[in-house]
Amino acid sequence: MDRSLRVTLNSRRCLVFAVLLLLTLLACCLSVAAATQPSLASYKRCSKGICVRRETCLNGQINTVGHMVIEPRMLGEDDIDECDKYGLMCCGLPEDEPVTTSTTEKPEDPDWSRQCGQRTDVDERTDQENETNRFEFPWHVAVFSVTKILGKLRKEFLCGGTLIDDYLVVTAARCVHQRNRATLVVQIGRWDLDARQEPRTQQIAVESLTVHRGYVPSSHLNNIALLELTNGVQLGRAANRVCLPDHTVQFDTDSLCYVVGWSNFPTPNTPNRQLKLRSTFAPARECTDSIRRATGAWEFRLPKENICPAYLDDSVPCERAPGSGMVCESSTGDGQYFLVGVASYAVRNCDKFRAHDVFLKVTAYIPWIDNQVEAQGRHTSFYRPDPSSFEET
């Protein structure tokens with residue numbers, strides 16, 4: 001056979017062999033990748049759903065609320081269920097996200113002023129100490145991340161937030177820093193985070209997010225962010241914006257305020273309902289000393305851009321989620337509430353340490369908020385008292 005022909009045939013054989021080898025390697029990689037993806041087939045089925053680690057199951061369903069799962073605990077013989085393996089239990093799958101209802105609310109009371117900071121007039125509940133009424137603080141919102149797990153929607157509660165405009169929410173930067181904006185949604189009108197459906201709620205996606213450029217994750221300095229929503233909130237008694245204070249609004253150290261929000265550490269068999277904690281302002285020195293004692297960081301000094309609430313009740317539940325708001329009623333306005341703090345961080349770990357929670361001081365960031373709002377072509381007057389500007393025509 002001609003030498004050049006033999007070389008050509010050998011080259012073709014080598015090329016075919018290389019292609020086959022490449023295809024084989026590619027098929028192996030795909031099969032390994034597929035094998036590592038979690039699927040229902042990889043879990044043992046049981047009567048309620050699938051067998052999972054006991055600490056990942058909360059109130060009968062796989063825990064998708066909060067940053068942390070319930071810590072493992074010592075188990076006894078009675079804790080072994082149909083999964084028939086120590087540490088596992090039968091748990092329901094996360095249900096598909098319900099279609100969240102949105103109501104164009106016509107005020108039942110024609111005297112509703114459409115003003116910022118207007119707390120809904122409701123009767124006090126007696127179900128649980130510190131529990132709010134539904135819509136009592138209509139500016140407080142829940143921020144979620146929505147993704148898919150095992151082919152089903154998984155909704156993770158990230159933090160609280162406060163509505164200041166029908167398109168804008170103030171929250172803590174730590175909640176959304178380096179988060180995928182496309183996964184973020186805000187729910188307005190929520191009360192019980194464990195409830196499948198609630199009346200007059202609105203779910204709106206996040207169009208853009210702005211984190212303060214000076215935010216420092218390690219120290220939580222400048223821990224503030226602004227979420228712009230894709231659609232405007234339909235305002236009414238179930239959803240209203242809070243007021244932001246300017247230099248003319250002053251609060252005394254003994255002003256009655258409320259810290260409002262949910263918990264990032266849900267308790268088994270207890271609904272994660274919105275709570276309100278009565279508070280005043282703790283002196284900066286007292287706050288600094290309590291954090292030093294709890295952490296051993298004796299060089300710590302509370303920054304002037306932070307404040308600490310002093311809770312008035314003897315029994316205080318776990319700290320509220322980051323982004324939760326601290327609001328105070330104006331001494332000059334009739335029933336009008338102003339946002340004075342945004343929950344930044346806590347070191348007390350429920351009641352393990354006696355230390356004050358730390359909030360971002362909103363008045364220190366009013367210029368930053370105003371600049372961001374004006375850059376979006378919106379009016380800062382919308383979150384300040386001005387009855388003549390928003391009267392219905």
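## Helix α4 and its end

Right after helix α4 comes G377, with a positive phi near 75°. This is a predicted model. Helix α4 itself spans residues 366-375. Its buried residues are I366, W368, I369, D370 and V373.

An α-helix has 3.6 residues a turn, so residues three or four places apart point the same way. In α4, I366, I369 and V373 are among the buried residues. The buried residues of the helix pack against four strands: β6 (152-165), β7, β9 and β10.

## Strand β10 and its partners

Strand β10 covers residues 225-229. Four of its five residues are buried, which leaves the strand mostly covered.

Strands β7 and β9 both pair with β10. Strand β7 (residues 168-171) is antiparallel to β10, with four bridges between them. Here V169 sits opposite L227 of β10. Strand β9 (residues 202-211) also runs antiparallel to β10, and five bridges join the two. In that pairing, V206 has L229 of β10 as its bridge partner. Helix α4 meets this group of strands too, since its buried residues pack against β7, β9 and β10.

## Nonpolar cores

In soluble globular proteins, nonpolar side chains tend to be buried together. The largest nonpolar core here has 44 residues. Within this core, I164, V186, L244, V327 and I369 touch the most other members. One of these, I369, is a buried residue of α4.

What does I164 touch, leaving out residues up to four places away in sequence? Its contacts are V170, L226, R241, V242, L244, I369, F382 and Y383. Two of them, L244 and I369, are also named among the residues that touch the most other core members. A second core of eleven residues is separate, and its members include C257, L277, F281 and F359.

## Disulfide C116 to C243

A disulfide is a covalent bond between the sulfur atoms of two cysteines. The model holds four disulfides. One joins C116 to C243, with an S to S distance of 2.0 Å. The torsion about this S-S bond is about 95°, so the link is right-handed. The bond ties distant parts of the chain, 127 residues apart. C116 lies in the loop between β4 (88-91) and β5 (140-149), while C243 lies in the loop between β10 and β11 (257-261).

Are these two cysteines buried or exposed? C116 has 0% relative accessibility, so it counts as buried. C243 is buried as well, because its relative accessible area is 0%; the cut-off is under 20%.

## Disulfides C257 to C328 and C287 to C308

C257 is bonded to C328 at an S to S distance of 1.9 Å. The link is right-handed, with 100° about the S-S bond. It connects strand β11, which holds C257, to strand β15 (residues 325-329), which holds C328. The two cysteines are 71 residues apart. Both C257 and C328 are buried. C257 also belongs to the second nonpolar core.

C287 is bonded to C308, again with S to S at 1.9 Å. C287 sits in helix α3 (residues 284-295). C308 sits in the loop between β13 (306-307) and β14 (309-311), 21 residues away from C287. C287 and C308 are both buried.

## Two further cysteines

C159 and C175 are buried too. C159 has a relative accessible area of 0%. C175 is at 4% relative accessibility, so it falls on the buried side.

Key
Residues numbered from 1 in each chain as written. Predicted model: local features only at pLDDT ≥ 70, side-chain atom pairs only at ≥ 80, totals over all residues. Heavy atoms only, no water. Buried < 20%, exposed > 50% of the residue type's maximum accessible area, 1.4 Å probe, protein only. Pairing = 2+ DSSP bridges. Disulfide = S-S within 2.5 Å. Core = buried A, V, L, I, M, F, W, Y, C linked by side-chain atoms within 4.5 Å. Contact = heavy atoms within 4.5 Å.
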